[in-house]
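Take a moment to look over the model below before reading on. Then we'll walk through it together, from the whole chain to one small helix and the loop after it.

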Amino acid sequence: MKRIGLIIGLIVLLILAGIFYYRYYFVFGDGTKAGAMNYFVHKGYLFKTYEGRLIQSGIRTQTQGNIQSNEFMFSVTNQHVADQLNKSAGAYLELHYKEYLHTLPWRGVSVFVVDSIMSVRPATPVQP
């Protein structure tokens with residue numbers, strides 16, 4: 001009888017571990033976003049994380065009369081990528097990101113986590 005209880009306990013533990021992995025570590029999607037970096041900060045109370053905002057050009061929507069947000073809010077976990085972004089304030093960036101289903105305190109406040117910088121170009125001022 002104890003053996004059956006142990007097997008059931010292990011199965012329940014494996015199922016809970018699988019749910020935890022799927023909810024917090026499974027990469028739901030990945031892609032590239034491009035735009036001018038609006039801000040990039042290192043903040044937090046207990047876990048200091050890097051957070052940023054990218055302003056994408058254009059605000060077109062599929063349906064007329066609606067406005068789509070052109071801001072891409074993201075977190076960064078890699079120190080090397082964070083250092084590069086800190087030096088690229090105001091530049092036009094192409095960022096590769098991973099999208100998770102939920103956030104973790106030590107990963108940042110956004111479900112979008114930038115893992116690499118694809119390109120950095122100086123921002124060109126808009127002519128009136």
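## A walk through the chain

This is a predicted model, and its protein chain has two helices and five strands. If you follow the sequence from start to end, they come in the pattern α-β-β-β-α-β-β. Of the 128 residues, 27% count as buried. The accessible surface adds up to about 9300 Å², with 60% of it belonging to carbon and sulfur atoms. As for contacts with a separation of 6 or more, 58% are between residues 24 or more positions apart.

Now zoom in on helix α2, which spans residues 79–86. Which of its residues are buried? They are V81, A82 and L85. These three sit on the same side of α2, because they cover an arc of only 100° around the axis. In general, an α-helix has 3.6 residues a turn, so residues three or four places apart point the same way. The cover over the buried residues of α2 includes β1, β2, β3, β4 and β5.

Two side chains make polar contacts worth finding on your screen:

| Side chain | Backbone partner | Distance |
|---|---|---|
| N78 (oxygen) | H80 nitrogen | 2.8 Å |
| S88 (polar atom) | Q84 oxygen | 2.8 Å |

The N78 contact caps the N-terminal end of α2. S88, meanwhile, is in the loop between α2 and β4. Is S88 buried or exposed? It counts as buried, because its relative accessibility is 9%, and the cut-off for buried is under 20%. Setting aside neighbours within four places in sequence, S88 touches M37, L93 and V120.

Terms used:
Residues are numbered from 1 along each chain as its sequence is written. This is a predicted model: local features need pLDDT of at least 70, side-chain atom pairs count only at pLDDT 80 or more; totals for chains, interfaces and linings use all residues. Side-chain values use heavy atoms; hydrogens and water are left out. Helices (H or I, at least four residues) and strands (E, at least two) are DSSP runs, numbered from the N terminus. Buried means under 20% relative accessible area, exposed over 50%, partly exposed in between (1.4 Å probe, protein chains only). Contact means heavy atoms within 4.5 Å. Accessible areas come from the Shrake-Rupley method with a 1.4 Å probe; for residues, only the protein chains shown count as cover. The arc is that of the directions from the helix axis to the C-beta atoms. A polar contact is a pair of N or O atoms within 3.5 Å; within protein, one must be able to donate a hydrogen and the other to accept it, and residues adjacent in sequence count only if both atoms are side-chain atoms.
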